[in-house]
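Reader: I have a structure to discuss before setting up any calculations. Could you take me through it?

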Amino acid sequence: MKLLFITSTRLGDAVLSTGLLDHLVSGDGVETTVVCGPLAAELFECLPGLERVIVLDKEPRKGHWFGLWRQTVGTWWDLVVDLRASAVPFALMRTRRRTKFRGGAGHRVESLARWYGVEPVPSPRVWTNGTHRRHATRLVPGGGPVLGLAPTASGREKIWPWENYVALARRLISPDGALAGGRIVIMGGPAEHDLTQPVVEALPHETTLDLTGSEHLLTLAEVMRQCSVVIANDSGLMHLAAASGAPTVGLFGPSPVETYAPWGASAAAVTSTTGSMNDIAVDAVERAVGKLLER
């Protein structure tokens, strides 16, 4: 079966779509072409049965959709699943079945499953290989707790002040903290050094590892799996951490937590009561970390 799966250009939404994608590729002989944005392209490199990843760069007058049509029109598709609700599925005449997502209430993971009629709701996941796992182990070898911090986001209004990340990290790794004596891993994208460096520079250099923009996305997922807890703003890295299985605490201000909370039994969210990230107290996040670790 040949599957064309058109997912989001944003990393976070692309991660949240991986549960549905995992359901679609679970059968034998599924050859999948994934369409996504540049930030999410690495996420799908180890997908079972992957034939191709098409990176969709936005162009003026929606020219990117015409470019996608040209790359896919010559193929006979058994199934086209479009989470972007574009016209492409209906412009591909050599298609047996096509469907596109138009949104839905509730959490994004649940709305995707309900739209496609999948029960139980499939959780997001990350596909990696031995190379990513071995490299992650070299970066963060075993021995003692590890605190992961992802202090970045797509918009400044979604970012908790860096001073709060520093204060929280110091508390957690202090002798009487929940992660006493722990190491710290800082994570961010290639263009996010300005957001992570104040945190990196304020924490002990001997126990802090800065991975901002330096590692493959799937290696970062394996690093996250080795963390005792990951604390992140509402971002693609937050969803990647939760999908990897790492205990994850997501911080929310203006974005809808009911739609984008980190998904899974090992995840929790701390939400501002005012919509401003500045109003999330360090004490509140520390309590959330403690409860999550106990659970």
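Author: The exchange below covers the sheet, one helix residue, the cores and the cysteines. Please note that this is a predicted model.

Reader: Let us begin with the sheet. What is the order of the six strands in the open sheet?

Author: The order is β8-β7-β6-β9-β10-β11, and the pairing is parallel. At the edges are β8 (208-210) and β11 (267-271), each of which pairs on one side only. From one strand to the next, the twist averages 20 degrees.

Reader: How many bridges join β6 and β7?

Author: Four bridges join β6, residues 146-150, to β7, residues 183-186, in the parallel sense. Within this pair, Leu149 has Ile186 of β7 as its bridge partner.

Reader: Which strands does helix α12 lie across?

Author: Helix α12 (residues 282-294) lies across β9 (229-233), β10 (248-252) and β11. Relative to β10, helix α12 runs at about 150 degrees.

Reader: Turning to Glu222: is that residue buried or exposed?

Author: Glu222, which lies in helix α9 (residues 217-225), counts as buried because its relative accessibility is 7%, under the 20% cut-off.

Reader: What does Glu222 touch, leaving aside residues up to four places away in sequence?

Author: With those residues left out, Glu222 touches Thr128, His132, Arg133 and Ala136. There is also a polar contact of 2.5 Å between the side chains of Glu222 and Arg225.

Reader: And the nonpolar packing? Which residues of the largest core touch the most other members?

Author: They are Leu3, Leu21, Leu43, Phe44 and Leu240, in a core of 53 residues. Helix α9 gives the most to this core, with six residues. A second, separate core has 27 residues, including Tyr165, Leu168, Val270 and Val282.

Reader: What are the contacts of Leu21?

Author: Not counting residues up to four places away in sequence, Leu21 touches Leu3, Phe5, Thr32, Val34, Phe44, Leu47 and Trp127.

Reader: A last topic: how many disulfides does a search of the whole structure find?

Author: The search finds zero disulfides. For Cys36, the nearest cysteine sulfur is that of Cys46, 14 Å away. Cys227 is likewise in no disulfide, and its nearest cysteine sulfur, also that of Cys46, is 19 Å away.

Reader: Why does Cys227 count as buried?

Author: Cys227 counts as buried because its relative accessibility is 5%, which is under the 20% limit. Cys36 is buried too, with a relative accessible area of 1%.

Key
Residues numbered from 1 in each chain as written. Predicted model: local features only at pLDDT ≥ 70, side-chain atom pairs only at ≥ 80, totals over all residues. Heavy atoms only, no water. Pairing = 2+ DSSP bridges. Helix = DSSP H or I, 4+ residues; strand = E, 2+ residues; numbered from the N terminus. Axes fitted to C-alpha atoms, helices over the stretch in contact; angles between N-to-C directions. Contact = heavy atoms within 4.5 Å. Buried < 20%, exposed > 50% of the residue type's maximum accessible area, 1.4 Å probe, protein only. Polar contact = N/O pair within 3.5 Å; in protein donor to acceptor, adjacent residues only side chain to side chain. Core = buried A, V, L, I, M, F, W, Y, C linked by side-chain atoms within 4.5 Å. Disulfide = S-S within 2.5 Å.
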